[in-house]
Structures are given as structure tokens and as C-alpha cells.
Amino acid sequence: MKKTICYFLALLALPLAAGTFELDTPVWGKADPACKTTLELRSENGNLLVKAVCAFPPGTVLKSEQRQRGEPVWEDESFEIFLSPVVFGSSPVRYSFAVNASGAMSETKDLDRSVRLPWSCKVNTEKDRWTLSASIPLKKLNGTGLWRVNACRNSYNAAQDYVLGLAMAAPGYNSPSLPLVTGPVKAEAMAKIINEALSVYSSSLAEWLPSADRRIYHILVKAEREFAATPDAMLSKSQAEKLFNMAAMLRKSAETGGKTAALLNFMFNDKH
């Protein structure tokens, strides 16, 4: 198994995806360039470190109340992180962590708002943005090195002139959906992520992909078979990140024209 993993990584000489994301998918309301929202995620010593910058038009008075812990802060100008560990054989636990621009915090475990989880968060407001910095102890949430994550910004001003929701991924913005590698990952979990990427294409259609995508597809097919055969083997964080990034690239290519190109190649090539 170790030789197999090293072989794959020799082929996957790709830069890791940056840990900074832009929330640009409107969930409700109309997108406003003045409300640009960026998110930085990174793991350190078993903690997920979260930093977000939420811009707003200068002079805006934000709707943000001083609330008690556990109250619905998402009804204010706020930011939410949704997490769920990738597990097998049982339903995954779903966590949410929310904070408003005044620093009021709330969290849930499977929608239970009465739980108290040991996370920390600080906020700061300037004339055209508010920022947050949070630390979530993944090691205390019974997770592994592979999680699903999503994030949402709820944007309100005091006059209610605009109400806007921005997410990393929508629909289902309040459901963790995007894989996040935070530590060593079992081969079984990585095989599942790879399978989701491969399922975008049928095996016959994959042969008509552009050459770069076709190469990635075949590498991932071989990796999935190896990992499915040895489900308890462990991949290091860096190994898992490289494989995950290839899976993400294949999915992204499908969304941005790769699948269309494969279909056109298949339809108009005389060899089929």
C-alpha cells in the first residue's frame, strides 16, 4: 500500500489548494460587490482556525444585537460554519458555529441549540468591514482527518435595505458538503471522495476527455481501487490533500466545460 501511495503522489505534483475562499454564491437576495466576503480555513494542532472578512458599504449600520449564547444570531449580520466528519457505518454528526458582528455566539449539534461546545471567537468592526477569528477544536468533536464543510454569511443592515445570504456552496448552504482535509485520512474515506468525483463521468465518456483531465481520471480510478482494497490504511495529511485536490480539479473541470468537451469529442470523432 505504501508503494502505491508514493507512486500516485509522484504523478500528482500539483500545488495544494489555498485555504482562502470567496463566498460568492447568493443563497437569497441580490449579490452586492460591496459585500465581498472572504474566508480562510486552516488546521493546526487539532483545531480548525477560521478567519473571515465581511465587507459592507461604508457608513452602513449593521443589524447586530447583543444576544445570549445560543440565541438565533443568524437573524443578524452574522457568519456561520457548518461541519460534519466523514464517517462510515453510521449517520454523521452535524455541527454549526455562528457569530454575529457584535460577537454573540451560538452553536448546534444535530440542530440542538442547547449544547455548549468549547470554541472561541473574536470579532472586530471597521468602517467598511467586520472580521472574525475563531478556533474550533476538531479533536474534541469525535472526527477524523476528513470533514465536510460549508459556510454562510447572513448580511443585514439596520434599515433592512438589503438582506443577502452568501455561501461557499448552495443549495443546501446550511449542510456541510465540501471536503476539508485536517489530518491523516483513512483510505476508505478518500476512496469515497474520489468515487464522487469519478461518478461525474461514465467510463466510456472519460476516454474522450481532454488529455489533462483524462490523465487525472485514470490516476484516480487506480487510486480508488487500491484504497477500496485496503480501507484501513492511513494517508498522511499532505497525501490526502494532493489526492483531494485532483478530485476537486476533475469535478471543477466537469462544471466548466470538460464534460461538454468530452461529449463533443465522442459525438464527432469517427473512431466510435
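Here is a short back-and-forth about cavities, a pocket, a helix and a few residues in this predicted model.

Student: Before we dig in, what are the ground rules for this model?

Tutor: Residues are numbered from 1 along each chain as its sequence is written, and side-chain values use heavy atoms, with hydrogens and water left out. Since the model is predicted, local features need pLDDT of at least 70 and side-chain atom pairs count only at pLDDT 80 or more, while totals for chains, interfaces and linings use all residues.

Student: Is Asn154 buried or exposed?

Tutor: Asn154 sits in strand β10, residues 146-156 (strands are DSSP runs of E, at least two residues, and helices are runs of H or I, at least four, numbered from the N terminus). Buried means under 20% relative accessible area, exposed over 50%, partly exposed in between, with a 1.4 Å probe and protein chains only. At a relative accessible area of 2%, Asn154 is buried.

Student: Which side chain makes a polar contact with the side chain of Asn154?

Tutor: Contact means heavy atoms within 4.5 Å, and beyond its neighbours within four places in sequence Asn154 is in contact with residues including Trp28, Trp74, Asp76 and Leu164. A polar contact is stricter: a pair of N or O atoms within 3.5 Å, where within protein one must be able to donate a hydrogen and the other to accept it, and residues adjacent in sequence count only if both atoms are side-chain atoms. At 2.8 Å, the partner is Glu80.

Student: Which element gives the largest share of the lining of the largest cavity?

Tutor: On a 1 Å grid over the protein atoms alone, a cavity is a set of points where a 1.4 Å probe fits but cannot get out, a pocket is an open set with protein on both sides within 12 Å along at least five of seven lines, and lining residues have an atom within 4 Å of a point. Two cavities of 30 Å³ or more exist here, and the largest has a volume of about 50 Å³ (grid points are joined across faces, edges and corners, and a volume is the space filled by probe spheres set on the points). Its lining includes Val50, Trp119 and Cys121, with two or more residues each from β5 (78-85), β6 (95-100) and β9 (129-137). Three residues, the largest share, come from β9.

Student: How many charged residues are in the lining of the second largest cavity?

Tutor: That cavity holds about 40 Å³ of space, and among its lining residues are Trp74, Glu80, Ser106 and Glu107. Ala, Val, Leu, Ile, Met, Phe, Trp, Tyr, Cys and Pro count as nonpolar, Asp, Glu, Lys and Arg as charged, and the others, Gly among them, as polar. The largest cavity has ten nonpolar residues and no polar or charged ones; for the second largest, the split is five nonpolar, three polar and, for charged, two.

Student: Which element gives the most to the lining of the second largest pocket?

Tutor: This pocket has a volume of about 260 Å³. Of its 13 lining residues, those closest to the centre are Phe82, Ser96, Thr108, Leu111 and Asn174. With three residues, the top contributor is β5.

Student: What span does helix α2 reach from its first C-alpha to its last?

Tutor: Helix α2, residues 187-198, has twelve residues, and its buried ones include Ala187, Met190, Ile194 and Leu198. The expected span is 1.5 Å times one less than the number of residues. That gives an expected 16 Å, and the span reached is close to it, at 16 Å.
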